[in-house]
Amino acid sequence: MAVDGGVGDVFCPFVFWGQSRDAVFLKVEINDIASGPEVDLTEDHLKFRAQGCGACGINQYGFKIDFYLPVDPKFSKYRVTGRAVEFECKKVGVGQVWPRLSEKAQKLPWLKTDFDRFAFDDSEASSEDDLSPQQREALDRMEKEALAEESTVVQDLKTLYLFMYNVFQWIGYCYVFGAISVRWYLYGSESRKDAFETLGPALMVCQSAAVLEVLHPLLGWVKTRVMANFMQVFSRGLVLFALLAVEPKLQSHDLVWYLFLSWSFIEVMRYPYYMLASIEKQYGLVTWLRYTAWIPLYPMESVCEGLVMLMALPHFDRSNKWSINLPNNFNCSFHFATFLRLYMVLFLFGVYFLMQQMYEQRKKKLNIPSNSKNKKA
């Protein structure tokens, strides 16, 4: 199949095709045609060219396609409507089902199946069992094309969503990191006192959205480990929402400034990698930063989170915030400060687990040989 399109200022229009027992139908999606289209229709091919408004705006559009089987140009016709140019090409062999429009089996991105014009007379086949091998092949091909197009649309929407999600998070953390840096430059150490007041709401938005990062691998949209994502999201959420947001005495501590700095800085490095990964792109510097910046920043983040939890213990012991006391309708109790102490022990193991995961991923992504391989070498 030869195609005259996309060369110079000539673009391929979207073409939809269908068929019946005796004809092949084509719809060329071009409107506002300046003058009559140039049409060369023979037994073997259709060559089209016109000036109009299509998928690429007002431009010259054209294509040439060699038919799968001959058509009868004498009894074929076309018409120009307000939205498209429609062809009805009579088949030479009436009743023959074309498995495809083109002579050669080649996938063209601008050629689509028009399912509304793909039909046969009721007299030809009363049920699926009565279909000829050619008709069954054509219908099977249509079904596969429909499923493939649906899958492509779903994949494109998923890619767009993941890309926009990572862009949103990156912009949010860039704002937090930029504000921390600018305020420290302008106000020095005084900017640490009101870090939560000025940047807490922005971080809450980003951290709330981060819950989706637990759902993405569960849905199979990304190839990351659910447990690692859950542990990080839960730990940050606990510190930000359950501790800092409800205890004003913690909010003004300098430690909160260092915590926000580590959170935002590491995400500024992380989300560009995920943006590129969502569109199946990879750049060496971005990958290196993603799998190297965590080495100083994850320990800093973990120490800050642990110290915030440690400072919060006496406050929640006194206030009993988030605790459930007896008696109550459920006949059970929950002491939040005790839970926090237990969680701090588990937190140490969680930090080790995350560090180990990141170390293994760094070796894999940056092609760093393991120690055992070095010894064997």
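This passage looks at the chain as a whole and then at one of its strands, β8, in a predicted model.

The chain is built from 377 residues, and 40% of them count as buried. Its secondary structure comes to 10 helices and 9 strands. As for the outside, about 21500 Å² of the chain is exposed, with carbon and sulfur atoms supplying 59% of that area. The contacts tell their own story about how the sequence is brought together. Take the contacts between residues at least 6 apart in sequence: 68% of these join residues that sit at least 24 apart.

Now for strand β8, which covers residues 85-91. This strand has two faces, and the residues alternate between them along the sequence. Val-85, Phe-87, Cys-89 and Lys-91 make up the covered face. Glu-86, Glu-88 and Lys-90, on the other hand, belong to the uncovered one. A lysine turns up on each face, with Lys-91 on the covered side and Lys-90 on the uncovered side.

Strand β8 also has partners. One of them is β3 (residues 23-28), which runs antiparallel to β8 and is joined to it by 6 bridges. Within this pairing, Ala-23 has Lys-90 of β8 as its bridge partner. Another partner is β7 (residues 71-80), again antiparallel and again joined to β8 by 6 bridges. Here Val-71 stands opposite Lys-91 of β8. How many residues lie between β7 and β8 in the hairpin they form? There are 4 residues between the two strands.

How values were computed: Residues are numbered from 1 along each chain as its sequence is written. This is a predicted model: local features need pLDDT of at least 70, side-chain atom pairs count only at pLDDT 80 or more; totals for chains, interfaces and linings use all residues. Side-chain values use heavy atoms; hydrogens and water are left out. Buried means under 20% relative accessible area, exposed over 50%, partly exposed in between (1.4 Å probe, protein chains only). Contact means heavy atoms within 4.5 Å. Accessible areas come from the Shrake-Rupley method with a 1.4 Å probe; for residues, only the protein chains shown count as cover. Two strands pair if DSSP finds at least two bridges between them.
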